[in-house]
Structure formats: structure tokens, C-alpha cells
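I opened the model to look up its strands, its helices and its aromatic rings. My notes follow in the order I took them.

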Amino acid sequence: MAQSEWTCSLSSVHEWESPDYEPSLPVSEKSNPLTRDIDRASASRIVRMLQACDAQMFQEESGATYQRLLSEQVVATLMEVAQKVEIILKDPRDSLVVLSGCGTSGRLAFLITSAFNRALQELSQRSLYSYIIAGGDRALLSSQEAPEDDPKLGMLSLKKVCEGKKRVLFIGISCGLSAPFVAGQLELCLQHPEVYTPVLVGFNPPHQARNEPIPGCTFTFRSVVQRMQELAKSHKAFLINPAVGPEAVSGSSRMKGGSATKILLEVVLSAAHAAAFTNTPVTYKGILQHMRAYEKTLDITYAQKEGISALLEAAGQSLQRGRRVCYLGWGSLATLGLIDASECIPTFGADYEDVRGFISGGYRALNNNEGPLGPDFCIAHEDFLHLVLPSLDDRDVVLLLYTQSDDVSDVEKMALRVREKTSNLHAVCHRVEGDTAADDDINKLCSSSLKINWPPPASGSLLHMWELSTKLLLNSLSTGAHVLKGKIYQNHMMDVQVTNSKLYCRATRLLQKLSGCPEIQCEEALLKAVYRVDELTVDITSSDIITHTHTARNRTKVVPLALVCLLTGCSLMEAETHLQQQPIVREAVEACLA
């Protein structure tokens with residue numbers, strides 16, 4: 001990074017913490033000063049920006065503005081929650097630990113519960129962890145955002161999972177402290193303190209929790225948080241809500257929000273397992289050391305930034321040409337590929353085929369609650385070979401994701417099959433330093449191969465670090481590729497799907513910020529784009545947000561269309577013509593204004 005660029009970055013690092021910086025927005029929705037012009041950055045500069053954003057997760061507390069990941073209060077709360085889990089592990093009768101969330105948060109709940117149930121099985125213990133994701137298992141692989149707005153559905157799903165249990169530690173994950181689905185579950189916990197101990201994980205301070213009324217409910221997310229704050233004083237509820245800084249693409253909580261969720265919950269559960277099964281007590285120092293190990297993971301991953309930049313460039317070229325990016329993975333790295341691919345559709349308005357993930361062993365390896373999800377969700381390597389491989393050529397990117405612990409001969413076989421159709425084959429492999437696993441033949445088949453070497457662990461496995469590293473890398477790759485495709489305006493998601501109340505409010509705010517028009521005018525423009533009309537009828541204006549978001553499910557380019565109409569005063573048809581001629585939103589807008 002050039003000296004002038006580095007100095008500029010340093011001055012931008014804490015800018016978002018100023019009370020004058022986008023004061024009406026919660027931290028999780030603010031735009032990040034580090035990425036203001038990411039839509040005009042080269043591949044290598046995009047990676048440097050994302051690295052600087054991810055590093056914000058581990059910044060020290062500056063003044064009293066926000067508590068951070070390594071703040072004393074956060075570490076102390078992690079200790080307490082770990083001790084609650086330890087008690088359940090030592091006496092698991094009629095007990096359960098439930099992790100729940102929407103979208104990325106629910107997908108990570110699945111990933112984490114799967115890993116720790118496997119750890120219990122290896123110790124000949126029965127499974128103690130359950131996950132809930134709004135929309136059920138289909139939401140693991142695709143956007144199912146309407147259920148996120150349903151607190152009663154959240155309550156029912158929690159009751160069902162906990163039937164017959166007398167002691168439940170419930171961990172609700174909502175990055176923005178905003179999801180009604182999770183608010184409903186926390187409300188249920190507060191109504192039944194004899195069974196439930198609620199834990200809330202998110203990345204805004206309590207006063208920024210969402211306070212909009214929830215249809216059919218007497219509570220808001222903020223009122224639930226306030227009651228939890230009171231109970232936290234007597235250790236009957238717990239809030240884990242450090243600020244990790246605004247996302248690189250504003251509001252895209254799949255990135256830092258997801259990474260910080262993974263770090264926090266794995267630290268808690270790992271400490272509890274060590275205490276229950278190896279007599280290693282939960283200590284403040286131990287929690288802090290474990291957090292620092294995750295910080296080191298960022299350094300090891302971004303030491304490969306040249307390789308990541310080259311991958312990002314290749315993926316961006318594929319998407320620009322209307323082609324596809326495929327992740328072929330083994331084990332939990334494959335699950336992260338499935339997760340990353342699923343997030344591209346709602347975040348960037350991508351097509352299902354643009355970015356796809358596949359896992360060796362298919363649903364048997366995924367081991368989700370509901371099993372195979374039907375022909376719309378084909379995820380096995382066999383599905384890739386049958387459905388995708390025949391139509392591949394050199395314009396498509398295929399990325400192999402594996403570790404030294406996986407079956408390298410199987411990886412090589414897959415590489416050979418792919419190489420028959422495309423030379424645009426790449427690999428990411430994690431291994432311990434000094435390991436000489438014979439994967440040279442795979443390297444020879446690939447255009448590029450990232451070998452990420454890790455120091456031998458002091459104890460336990462490196463798998464959680466390999467997973468976080470892979471998540472950071474795939475998030476960089478898919479975000480950067482869509483930036484290069486023109487799906488971002490400055491550092492805002494412009495082609496976001498307006499399919500639930502959170503995204504509807506985000507779209508209205510974004511139009512306000514970029515157009516400078518009043519809120520009511522922005523909402524009107526948004527509704528015109530949703531319903532594809534130049535004049536709003538009484539039926540439309542008298543409908544509720546649920547009706548609007550239901551209609552928006554079948555619409556594309558809603559926010560870009562609304563923005564062009566706001567800035568130019570043109571009709572929807574004229575706006576559509578502008579965007580067809582220039583699909584890169586920022587350039588389309590500037591061409592309209594010129």
C-alpha cells in the first residue's frame with residue numbers, strides 16, 4: 001500500500017466512530033470510509049480495502065464510543081456464557097444449546113452446531129447442539145427472507161426444537177439487532193426463565209437496536225434488548241454486542257458480521273469443551289488468547305493478497321462475460337462455499353447460476369436437519385459433473401477448496417475432470433507448515449494455486465482457523481467479482497433484493513442518501529420501481545410492507561431504477577433503457593446526469 005494511501009486509511013479507520021458520522025444509522029448499516037470508491041478500484045486495491053475493513057474487527061476500544069471484540073466487558077461475558085455451556089456439557093440431561101439466526105447468521109449457526117456436535121460424537125457423547133434458521137434448511141442454500149419478519153414463526157420453531165427440555169441455553173444471532181424472527185425467540189425465553197437462558201449476539205450497541213413496531217406484537221427488538229440488559233445484571237441473560245465497524249459494502253453483514261459471529265461463538269464453545277472434557281478451566285486469559293489466534297488468521301490469510309487478487313480478477317472477468325464461478329469443496333470448507341454462493345443472490349441481485357457451490361458427498365456430508373432439499377438444490381460433486389461440467393469453457397472459473405486432511409487423490413481426480421473442459425481452474429489448500437502431502441499433480445493442473453501454510457497448533461485442531469480463512473477469502477472473491485461487474489455504487493449494495501422489512505428500510509435510506517430527496521419521495525420512487533408503475537394507486541399506498549416485499553420478490557434492479565428516476569425525473573421505461581445501455585449503476589447514473 002502506498003504511503004499516502006496508508007495515511008489516508010489510518011485517518012479513515014476511526015472516522016465512523018464520530019457521533020457526527022451518518023448519525024441516523026446504526027453501526028451495522030453505516031458506510032465504511034475505507035471503501036468509499038471500491039466500485040472504481042482494481043482487483044488488488046479491492047483486496048487491500050477488504051483487508052483494512054476486516055482488521056477493524058480487532059481494533060482496540062477508542063475512548064468510550066463503542067465496546068469492541070477484545071473489550072474487557074465482551075471477554076468477561078464470553079467467559080460467563082462458556083461457563084453456562086460447561087455446566088450443560090457436564091450434566092446434559094434434558095438440556096440443549098440452541099443457536100438461531102436469519103440468513104448468514106442462521107447458516108453460521110448450522111456450521112458451528114455441526115462442528116461441535118461432531119466433537120461430542122468423537123468423545124462418545126450425544127449431540128447437545130441444535131440450529132434454527134429462518135425459512136428452514138432451504139435458507140442454508142438460498143435467500144428465504146420473508147420468514148425473517150415473522151416473530152411468531154421464530155417462537156414456534158424454538159418451542160419445537162426444545163420440546164421436553166428443562167434447561168435451554170438459547171443463542172440468538174442478529175448482526176443488526178433487528179430480525180423480528182430472533183426477537184420473537186428472545187421474547188419466548190424471557191417469558192419462560194425457568195427453562196431458557198437467552199444470549200444475544202449482534203454488532204450494534206443496545207440503543208441502536210431496531211425500534212419499529214412488529215405487526216401483531218407488543219414488543220420491538222429494542223424493548224427485548226432493554227429487558228435483557230436488566231436481566232444481565234443478575235446474570236440471567238447475556239448480551240454479546242461489540243462493534244466491529246461498518247461493512248466494506250454497507251449493510252452486507254455476511255462479511256464482518258458473519259466472521260465475528262463465528263469467532264465469538266467458537267471461542268465460547270471451545271472454552272466450554274476444554275473445561276468439561278480436559279479439565280482446563282475457563283479463564284479470561286484463555287478466552288483472550290483464543291481471540292488473538294483468530295486475529296492471526298487474518299494476517300496469514302491476507303499474506304496471500306496477490307494470489308487472492310488474481311483469483312478475484314479471474315472471477316470478475318467470468319461474471320462480466322455472463323459466465324459462472326463454481327466452488328468445488330471438501331468437508332466444512334465446501335459448506336463455506338455453499339454459504340458464500342447462496343449469499344450472492346440477495347446481496348448483488350445475482351442469478352442462481354452465477355456463483356455455485358458443491359460439496360463432496362452431497363447432503364450426506366452436509367448432514368442438515370431436513371436432508372436432501374429437492375431438484376432445485378443440487379449440491380453434490382456428481383451434480384456438478386452431470387449438470388454443470390458439460391457446458392463449461394475457459395470463460396468459467398472453477399475453484400477447488402481443500403485441506404491436507406482431505407482425500408487428495410479425490411481432489412486430483414476432480415481436477416483432471418475439470419481440466420478437460422477449462423484451463424481456468426484454481427485451488428486453495430490449507431496445510432500445516434512442513435507437511436509434504438503429495439499434491440504437486442493438482443498444482444500442475446491449476447492456473448493458480450494458493451497454498452496457505454499454518455504453524456503447528458499448540459493444541460487441538462486448526463480447522464476453525466482454516467474455515468475462517470476460507471470464509472474471508474471467498475467473501476473477498478465474490479464481493480470483489482461483483483464490484484468489478486458493476487453491482488456496487490460507491491460502497492453500497494445497489495442491486496439488493498427488497499424482500500423483507502429490513503431490506504425495504506435499507507433501500508429507502510440508500511435512495512435518500514444518494515439522491516438527497518426527502519424520505520417520502522424516496523419511498524414513493526421505490527414503490528413505483530417495485531410495482532413497475534409511474535403513478536401509485538390507492539391500493540398500493542394503503543398496502544403494508546409485507547405486501548410490498550412480497551411483490552418485490554419477482555423484481556430485479558428495483559433500487560437502481562428508483563435512483564435513476566429520482567435523479568433524472570424520467571419515467572420507469574426510460575430508466576430501464578438507461579440501465580440496459582449501461583448496466584454499471586454508477587456509470588448509468590452519471591451518464592443520465594451528464
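Entry 1. I started with the strand pairing, keeping in mind that the model is predicted. Strand 4, residues 196-201, pairs with strand 5 in the parallel sense, and I count three bridges between them. I looked up L200 and found L239 of strand 5 as its bridge partner.

Entry 2. I then looked at the whole sheet. It is open, has five strands in the order 2-1-3-4-5, and is parallel in its pairing. Strand 2 (129-133) and strand 5 (238-240) are the edges, each pairing on one side only. From one strand to the next I get a twist that averages 20 degrees.

Entry 3. Next came the helices against the sheet. Helix 8, residues 221-232, lies across strand 4 and strand 5 and runs at about 120 degrees to strand 4. Helix 9 (residues 256-278) also packs on the sheet, where I find it touching strand 1 (95-101), strand 2, strand 3 (167-173), strand 4 and strand 5. The direction of helix 9 makes about 155 degrees with that of strand 3.

Entry 4. I searched the whole structure for aromatic pairs and got four. One of them is W16 with Y66, with 5.4 Å centre to centre and 20 degrees between the planes. Planes under 30 degrees apart count as stacked, and this pair is stacked.

Entry 5. Are W16 and Y66 buried or exposed? I find both W16 and Y66 buried. W16 sits in the loop between helix 1 (3-13) and helix 2 (43-55), and Y66 in the loop between helix 2 and helix 3 (72-90), so the pair ties together parts 50 residues apart in sequence.

How values were computed: Residues are numbered from 1 along each chain as its sequence is written. This is a predicted model: local features need pLDDT of at least 70, side-chain atom pairs count only at pLDDT 80 or more; totals for chains, interfaces and linings use all residues. Side-chain values use heavy atoms; hydrogens and water are left out. Two strands pair if DSSP finds at least two bridges between them. Helices (H or I, at least four residues) and strands (E, at least two) are DSSP runs, numbered from the N terminus. Axes are lines fitted to C-alpha atoms, for helices over the stretch in contact, and angles run from 0 to 180 degrees between N-to-C directions. Contact means heavy atoms within 4.5 Å. Rings of Phe, Tyr and Trp (its six-membered ring) pair if their centres lie within 6.5 Å; planes under 30 degrees apart count as stacked, over 60 as edge-to-face and the rest as tilted. Buried means under 20% relative accessible area, exposed over 50%, partly exposed in between (1.4 Å probe, protein chains only).
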